[in-house]
Amino acid sequence: MDSGNTAWILTSASLVFLMTPGVAFFYGGMVRAKAVLNMLMLEAAALSVTMVIWTLWGWSIAYAGSDIGGIFGDPASGFLLKDSMVAQDGVFTTTGLNANKYPVSVDVAFQAAFAMITVGLICGAIAERVKYSTWMIFVALWITFDYAPLAHMVWNKGLLSGTGAISTAIGAAAHDFAGGTVVHINAAVAALVIVLIIGKRKGFAVQPFRPHNVPFVMLGAFLLWFGWFGFNAGSAFAANGTAGYAWVSTSAAAAAAMLSWGFTEKIRTGHYTAMGAASGMVAGLVGITPAADVVSPLWAIVLGAIVGILTCLACGLKFKLGYDDSLDVVGVHGVGGLTGTVLIGFFGEGTGLLAGGDWKQLVVQIVIALCAIVYSAVITAIIAFALEKTIGWRVTEAQEVGGIDLADQGERAYDFAGTASSVLKEVR
């Protein structure tokens with residue numbers, strides 16, 4: 001066993017786990033005060049339901065099960081982590097080491113955290129109007145039929161991998177270092193499909209839906225940047241130079257995107273806002289995710305700057321096109337993930353059109369992005385439509401207006417009745 005690799009990937013798994021609580025604060029601050037608990041609970045379900053499904057059959061479908069058509073692994077052959085961990089002297093441990101000489105159990109943990117954050121990203125689009133019970137069922141179904149198979153296709157020598165049939169046919173290896181397709185495009189497309197099925201919030205595009213706690217949003221963004229070091233640098237799967245460079249390129253892109261978003265916002269509105277800074281950071285992190293190991297420092301900065309501008313502009317499309325993506329999952333993760341995936345075809349060192357002089361990398365990047373979009377859209381539509389026609393997605397209009405926290409959780413985030421002014425009134 002390589003103890004250095006083991007320690008780094010286990011640490012990275014913990015950093016990626018932190019990203020879901022980070023996105024809970026990021027999204028939680030953006031919603032209105034009457035919906036913040038529900039948002040935190042949706043993220044808690046993303047953690048909990050995903051972990052149970054991953055242990056049962058998710059890991060098997062994505063990585064451990066026998067390959068079926070390059071699309072998914074057999075869910076039965078690795079059920080309940082069979083053959084991944086066994087009991088020795090009454091203690092569960094790994095049966096062996098992977099290629100980088102760290103225990104398979106560590107890889108299970110790392111990939112579970114990836115699954116958690118991916119489904120957790122979807123929450124932002126459906127904020128303030130969906131039932132917790134429906135969301136829990138959706139998470140279980142989506143991880144099973146969407147996330148795990150797509151992870152298998154891209155990262156386990158499946159159809160969309162660098163050694164898969166599509167790459168072989170085009171003559172260039174598709175590249176998704178840490179989740180441009182599997183995580184960001186996948187989650188954003190799923191989010192768009194669901195919001196189209198469940199409809200808009202009452203008052204959308206008529207009344208302003210202002211964030212209730214901008215410091216929460218900033219805290220979430222900072223936690224996400226920190227967690228992203230595990231997300232991207234951990235995807236080197238070793239404590240090595242690739243991990244170190246991924247840390248650098250990730251931060252360079254995030255910084256450039258924060259600045260370019262801010263400049264764009266300043267030109268359009270006259271202000272550098274904290275909301276814009278937080279969103280720009282996340283957009284840059286999203287954009288560099290598929291490319292963190294293959295773009296030079298210069299191109300990492302350029303990529304981040306491009307993503308920051310495009311995502312800032314894209315977030316306004318929901319008002320023009322009429323879809324209620326509450327917290328801009330499509331604008332940030334969809335546009336950012338797609339841009340980062342495609343720009344590998346231009347900026348990829350030695351393979352991209354500008355950094356290598358070859359057009360094939362661009363073609364294969366576009367094709368795998370389109371395949372991820374179609375797969376996510378079809379699978380999510382089937383799941384979301386079935387849930388809509390059976391148990392339903394939304395709380396009632398009265399519950400939405402009164403506050404989903406009270407309707408679904410029976411609690412309030414803030415005890416306004418206990419403020420100093422209220423107490424003074426009671427004394428009088």
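Among contacts in the protein chain between residues at least 6 apart in sequence, 76% join residues at least 24 apart. Keep that in mind as we walk through the structure, which is a predicted model.

## The whole chain

Let's begin with the broad picture. The protein chain holds 16 helices and four strands. Its radius of gyration is 21 Å, close to the 22 Å that the globule rule gives for 428 residues, so the chain is as compact as a globular protein of that length. If you lay the C-alpha trace along its principal axes, it spans about 75 × 55 × 40 Å.

What share of the 428 residues counts as buried? The figure is 54%. As for the outside, the accessible surface of the protein chain comes to about 16900 Å², and carbon and sulfur atoms account for 68% of that.

Then there are the charges. You'll find 21 positive and 25 negative side chains in the protein chain, and the centres of these two sets lie 12 Å apart.

## How far to trust it

The mean pLDDT of the protein chain is 95, with 96% of its residues reaching 70 or more. One stretch to watch is residues 420–428, where the pLDDT is below 50. Beyond near neighbours in sequence, that stretch has four contacts in the model. Where pLDDT is low, the predicted coordinates should not be read in detail.

## Three buried residues in helices

Now let's zoom in. Start with serine 12, which sits in helix H1, a run covering residues 3–30. Is serine 12 buried or exposed? Its relative accessibility is 0%, so serine 12 counts as buried, the cut-off being under 20%. And what does serine 12 touch, once its neighbours within four places in sequence are set aside? Its partners are Phe110, Gly230 and Gly234.

Helix H1 turns up again when you look at glycine 227. This glycine lies in helix H7, which takes in residues 214–233. Not counting residues up to four places away in sequence, glycine 227 touches Leu15, Val16 and Met19. Glycine 227 counts as buried because its relative accessibility is 0%. For a sense of distance, try glycine 227 and glutamate 400: they are 173 residues apart in sequence, and their C-alpha atoms are 32 Å apart in space.

Next is valine 307, found in helix H10 (residues 297–314). Valine 307 is buried too, with a relative accessible area of 0%. Leaving out neighbours within four places in sequence, valine 307 is in contact with Ala283, Gly284, Gly287, Gly336 and Thr339. Its C-alpha atom is separated by 27 Å from that of lysine 200, which is 107 residues away along the chain.

## Partly exposed residues

Helix H10 is also the place of leucine 313. At 42% relative accessibility, leucine 313 counts as partly exposed. Setting aside residues up to four places away in sequence, leucine 313 touches Thr264 and Arg268.

Lysine 266 belongs to helix H8, which runs over residues 241–269. At 36% relative accessibility, this lysine counts as partly exposed. Apart from its neighbours within four places in sequence, lysine 266 is in contact with His271 and Tyr272.

Here are two C-alpha distances for these residues.

| Pair | Apart along the chain | C-alpha separation |
|---|---|---|
| Leucine 313 and glutamate 265 | 48 residues | 9.0 Å |
| Lysine 266 and glycine 276 | 10 residues | 9.8 Å |

## A loop with positive phi angles

Let's finish away from the helices. Leucine 80 is found in the loop between strand S2 (72–73) and strand S3 (85–88). Leucine 80 has a positive phi of about 55 degrees although it is not a glycine.

The loop between S2 and S3 is the place of aspartate 83 as well. What is the phi of aspartate 83? The value is near 70 degrees, which is positive in a residue other than glycine. Is aspartate 83 buried or exposed? With a relative accessibility of 54%, aspartate 83 counts as exposed, because the cut-off for that label is over 50%.

Methods:
Residues are numbered from 1 along each chain as its sequence is written. This is a predicted model: local features need pLDDT of at least 70, side-chain atom pairs count only at pLDDT 80 or more; totals for chains, interfaces and linings use all residues. Side-chain values use heavy atoms; hydrogens and water are left out. Helices (H or I, at least four residues) and strands (E, at least two) are DSSP runs, numbered from the N terminus. Buried means under 20% relative accessible area, exposed over 50%, partly exposed in between (1.4 Å probe, protein chains only). Contact means heavy atoms within 4.5 Å. The radius of gyration is taken over C-alpha atoms; the globule rule is 2.2 Å times the number of residues to the power 0.38. Accessible areas come from the Shrake-Rupley method with a 1.4 Å probe; for residues, only the protein chains shown count as cover. Lys and Arg count as positive and Asp and Glu as negative; His and the chain ends are not counted. The place of a charge is taken as NZ of Lys, CZ of Arg, CG of Asp or CD of Glu. pLDDT is the predictor's confidence in each residue, from 0 to 100.
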